[in-house]
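Biologist: Hey, got a minute to walk me through this one? I'd like the overall picture, then the details.

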Amino acid sequence: MPVVRDLRVLLRLRDFRRLLTVRLLSQGADGVYQIALAAYVVFSPEKQTSAAAIASAMAVLLLPYSLIGPFAGVLLDRWRRRQVFVYGNLLRALLAGATAVLMVSHVPNWLFYASALCVTAVNRFVLAGLSAALPHVVDTERLVIANSLSPTAGTLAATAGGGLAFAVRLAASDSDASVVLLGAFLYLCAALTALRMAPALLGPDREPAQPHLRTALLDTARDLLSAVRHLAAPHRREATWALASMTLMRFCYGALLVLLLMLCRYALSTTPRKDCGCSDSAWPCPVRASSRPRW
């Protein structure tokens, strides 16, 4: 198969193998962390999960991509990408460890969500840096195939990380904190793997003169506003309708996902609360906690 042949050729490149390993470990850890976050928010027996709590967890996972994503490139053009992988994954390992501590402590919910939001915010820089670093480890002829295979492998790694999180949660008696610690360990492994590459290997290529950081960020914000005004023109309604349709579809998907999680949490458990024999004021219900759906 052509894909297998191209992959074999790419894997012969030492720096590509190391960069791919960083991606697999990083996105595998993302899968572990996201499953642990969802399990803690939705299925933790001591928490009275609500639709707002699930929506907050989804916002923690998605907001960095929307708010930080447009500005990530400005900073990546000023930072060595290898250092982004090292310090970014080390920071995520520390923040994930802090999240595990918050899970077993009695702290306000906002503090837990702030810790999780920081982890996913750093992830935006790491993923963008992985894509930007590819031209420095692959020749021009194989860059297209590398750009298609690497993100696919990362997605598979995130899926495998989610499966590993399920297995660890079952083995650790539904301990979400232990799953988060596993994610922290994988982040640490990704940082150590990045150390095997030369600091200047992955770029960025220094330009003779770069604008001040504040100027570059303001220019990016102006470009975003210009794009909105561009789409608002009457003769470009087709593009506006296409984007609006995508937005509505994603909104409906999110609403259905919240509904499904609420059904799994309350309606599909083996013992309905009204038949459990506990008083209405008892929360968490000990019978439901022992009979809730297991992963």
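Modeller: Sure, and keep in mind that this is a predicted model. I'll begin with a surface spot: L90 counts as partly exposed, because its relative accessibility is 32%.

Biologist: Which helix does L90 lie in?

Modeller: L90 lies in α5. It also belongs to a nonpolar patch on the surface, together with Y87, L188, L192 and L195.

Biologist: What accessible area do those patch residues have together?

Modeller: About 460 Å². Two elements, α5 (81-103) and α8 (176-194), give two or more residues each to that patch.

Biologist: OK, back up a bit. How many helices and strands does the protein have?

Modeller: Eleven helices and zero strands. Read from the N terminus, the order is simply α-α-α-α-α-α-α-α-α-α-α.

Biologist: And what share of the residues counts as buried?

Modeller: 38% of the 295 residues.

Biologist: Let's go back to α5. Where is G97, and is it buried or exposed?

Modeller: G97 is in helix α5. It counts as buried, because its relative accessibility is 19% and the cut-off for buried is under 20%.

Biologist: What is the C-alpha separation between G97 and L181?

Modeller: 5.9 Å, with their positions 84 residues apart along the chain.

Biologist: Now pockets. What volume does the largest pocket have?

Modeller: About 960 Å³. Its lining is made of 32 residues, and the ones nearest its centre are Q34, I35, L61, L62 and L257.

Biologist: Which helix gives the most to that lining?

Modeller: α2, with ten residues. The elements that each supply at least two lining residues are α2, α3 (51-67), α6, α7 (143-171) and α10 (237-267).

Biologist: How do the lining residues of the largest pocket divide by type?

Modeller: There are 19 nonpolar residues, ten polar ones and three charged ones.

Biologist: What about enclosed space? How many cavities of 30 Å³ or more turn up?

Modeller: Two, from a search of the whole structure. The second largest cavity holds about 40 Å³ of space.

Biologist: Which residues line the second largest cavity?

Modeller: D30, Y33, Q34, R92, V119, T120, N123 and Y187. The elements giving two or more residues to that lining are α2 (14-43) and α6 (109-133).

Biologist: Q34 again! How does the lining of that cavity divide?

Modeller: Three nonpolar, three polar and two charged residues. And yes, Q34 lines the second largest cavity, and Q34 is also among the residues nearest the centre of the largest pocket.

Biologist: Switching to the backbone. Which peptide bond is cis?

Modeller: The one from G203 to P204 is cis, with omega near 10 degrees. As background, most peptide bonds are trans.

Biologist: Where does P204 sit?

Modeller: P204 is in the loop between α8 and α9 (213-232).

Biologist: Last topic, charges. How many salt bridges are there?

Modeller: The count comes to six. One of them joins D219 and R222, with the closest N and O atoms 2.8 Å apart.

Biologist: Where do D219 and R222 lie?

Modeller: Both are in helix α9, three residues apart, which is about one turn of the helix. D219 is partly exposed, with a relative accessible area of 33%, and R222 is partly exposed too, at 46%.

Biologist: What about D77 and R81, how far apart are N and O there?

Modeller: Their side chains meet in a salt bridge at 3.5 Å, N to O. D77 is partly exposed, with a relative accessible area of 35%, whereas R81 is buried at 7%.

Biologist: And which residue does D15 form a salt bridge with?

Modeller: R14, where the closest N and O atoms are 3.8 Å apart. That still counts, because the cut-off is within 4 Å.

Biologist: Are D15 and R14 buried or exposed?

Modeller: D15 counts as buried, at 19% relative accessibility. R14 is partly exposed, with a relative accessible area of 48%.

Methods
Residues numbered from 1 in each chain as written. Predicted model: local features only at pLDDT ≥ 70, side-chain atom pairs only at ≥ 80, totals over all residues. Heavy atoms only, no water. Patch = residues over 30% accessible without salt bridge, like charges linked within 9 Å, V, L, I, M, F, W, Y side chains within 5 Å. Areas by Shrake-Rupley, 256 points an atom, 1.4 Å probe, with all protein chains shown as cover. Helix = DSSP H or I, 4+ residues; strand = E, 2+ residues; numbered from the N terminus. Buried < 20%, exposed > 50% of the residue type's maximum accessible area, 1.4 Å probe, protein only. 1 Å grid on protein atoms, 1.4 Å probe; cavity = no way out; pocket = protein on both sides within 12 Å on 5 of 7 lines; lining within 4 Å. Points joined across faces, edges and corners; volume = space filled by probe spheres on them. Nonpolar A, V, L, I, M, F, W, Y, C, P; charged D, E, K, R; others polar.
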